[in-house]
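Work through the two exercises below with the coordinates open, and try each task before reading its solution.

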Amino acid sequence: MSELSELYQQVILDHNKKPRNFRKLDTANRTAEGYNPLCGDHLSVYLDVEDDRVKDISFEGSGCAISKASASMMTKAVKGKSRGDVEGLFSEFHKMLIGELDEENTPNHLGSLKIFAGVREFPVRVKCATLAWHTLHAALNNEELVSTE
Amino acid sequence: MLAEAKTIQEATSVAWDVERIRADFPVLRQTVNGKPLIYLDNAASSQVPQVVIERGSMYLEQEHSNIHRGVHYLSQKATTAYEGARETVKRFINAREAKECIFVRGTTEGINLVMHGYGRKFIGAEDEIIISAMEHHANIVPWQMLCEEKGAVLRVIPMNDAGELILDEYEGLLNERTKLVAVTHVSNALGTINPIKRMIESAHKYGVPVLIDGAQSAPHMLVDVQDLDCDFYAFSGHKMFAPTGSGVIYGKGALLEKMNPFQGGGDMIKTVTFEKTTYADLPNKFEAGTPAIASQIGLGAAIDYLNSIGREQAEAHERELLRYATERLSAIEGVRIIGTAREKASVLSFIIDEIHPHDIGTILDQEGIAVRAGHHCAQPVMQRFNIPATARASFAFYNTKEEVDVLARTVEKVIDIFG
């Protein structure tokens, strides 16, 4: 069960149970919806972008523990960041999940997001962890709907 | 009825040697994540016994050739084997004639064949097609496409909270504009067995043909298309212990005769000139191109296997597994069974409070248990119960009560992990 406890760490379970920034954002000037048609996971990301910077962010939706915790931690990680920094972080996060970035030995900006490293042992769950990020990317680029399969 | 079921069960407990049956399935002899594989995803695809694997190998080693054309030895061998499988299918569902059994890739292709061949020819603007609230996407989307093309209207039979169709509502939907009823025999997401014989009778009062999606019933219960009097019946080989790419759409001969062909090409013609083509007789009219010969021969072998182990005993064992699993899972606090119809086949969909089915699926997989987690290609069913997805354990005659015990223990572990 060690891989399993690596996947379902306490922090992830906590974010799943009590997701942060889990609401509609009244001041949002950009939103996007993300779907995973394979499993039915569905979430909306709301952004308040000012001067190309994420001033505020929130999300709503339903999904598994991994997708919900990832969305929750993402909102904390990107708040206040510039669009370029957000895209850079997404790229690092994705590389970590597919095993192309050694988060312990290569310099990176992942911080607390490293907790999702365990997901790479479960390739079918990588899409769960990245759904919120794909949706955020779409919102930043004014695309309204994304789907991951 | 109850007394009869009990007698079958008693007989089974003596006759059903599940370990002997399991030995027929090589795939079951493996470990997953260090645990013995517990395969409970039979409603998605079932496993293939050694005799079926060997039949396919034998074809490839000794008989492979194209069918219905060569005068040479191998082509005749292949044709004989392929048409032999059709005869086996005919007896399996008790069709009047083998030519009423059209070989297709699976249930989905079978339904699409009827949509194109029958629907596009005989259904027009403002005509109505009735389906049910518990259909698989395969028995929804083709009819939506037809409705969109023709301006026809899709009507949906609702279901109650147990996952049973509301038959009074169905009767109310039937009218002189109804041109087709397409309904599943057994729900893949809920396990409900629908009273299709009665439903067919009602449709026939209006002269309306009925298509039955038999994907989940053909593998698990006796089906007699003449007794049911259904007009079309579709099923897949890979859900009944045969290879993927095999399947059947049965149709009443008179209907198949007046339908348009499905695909055009070789093998489905009598004569071709650039001015005019005349189509072949049944069943070739619907079998353009070279089919999945090895797979269809495998389907014939799978039916022979089912007959050899005793279909009624297999069904009784599955019924007992469903009863036992329902009892075990219902007893766990926080678990809710989705689909509690009185008549059910061996499908057990469940959810756990506050825990997404995907997380359940991943944790079960770590213990070697294969279940399906998701919407089961039946999103309207999920919407009806206001849930995003379920975890689904679906049983076959090679599953055991001990496997159900491991399932129940692991579900408890899931709840522990999520606290």
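**Exercise 1.** Find the largest nonpolar core of this predicted model, and determine where it lies with respect to the domains of chain B.

*Solution.* Begin with the extent of the core: the largest one holds 121 residues, and those with the most contacts inside it are F232(B), Y233(B), V248(B), I249(B), Y250(B) and A302(B). Next, ask which element contributes most, and the result is helix α11 of chain B, residues 293-309, which gives 8 residues. Then consider the domains: because both domain 1 (2-32 + 311-418) and domain 2 (53-307) of chain B give residues to this core, it lies between them. To see one residue in its setting, take F232(B) and leave aside neighbours within four places in sequence; F232(B) is then in contact with V114(B), L211(B), I212(B), I249(B), Y250(B) and G251(B). Finally, another core lies apart from the largest one and has 39 residues, among them L89(A), F90(A), A129(A) and L136(A).

**Exercise 2.** Describe how domain 1 and domain 2 of chain B are placed, and which elements of domain 1 touch domain 2.

*Solution.* Start from the centres of the two domains of chain B, which, taken over C-alpha atoms, are separated by 28 Å. The contact between them draws on 21 residues of domain 1 and 22 residues of domain 2. On the domain 1 side, the elements of chain B that give two or more residues are α12 (311-330), β14 (347-352) and α14 (379-384), with α12(B) supplying the largest share, 4 residues. As a last step, sort the residues of that side by character, which yields 10 nonpolar, 5 polar and 6 charged.

How values were computed
Residues are numbered from 1 along each chain as its sequence is written. Chains are lettered from A and ligands numbered from 1 in the order in which they are written. This is a predicted model: local features need pLDDT of at least 70, side-chain atom pairs count only at pLDDT 80 or more; totals for chains, interfaces and linings use all residues. A nonpolar core is a set of buried Ala, Val, Leu, Ile, Met, Phe, Trp, Tyr and Cys residues joined through C-beta atoms within 7 Å. A residue is buried if 20 or more other C-beta atoms lie within 10 Å of its own, exposed if 12 or fewer, and partly exposed in between; C-beta atoms are placed from the backbone. Domain bounds come from an automatic or database domain assignment. Two residues are in contact if their C-beta atoms, placed from the backbone, lie within 7 Å. Ala, Val, Leu, Ile, Met, Phe, Trp, Tyr, Cys and Pro count as nonpolar, Asp, Glu, Lys and Arg as charged, and the others, Gly among them, as polar.
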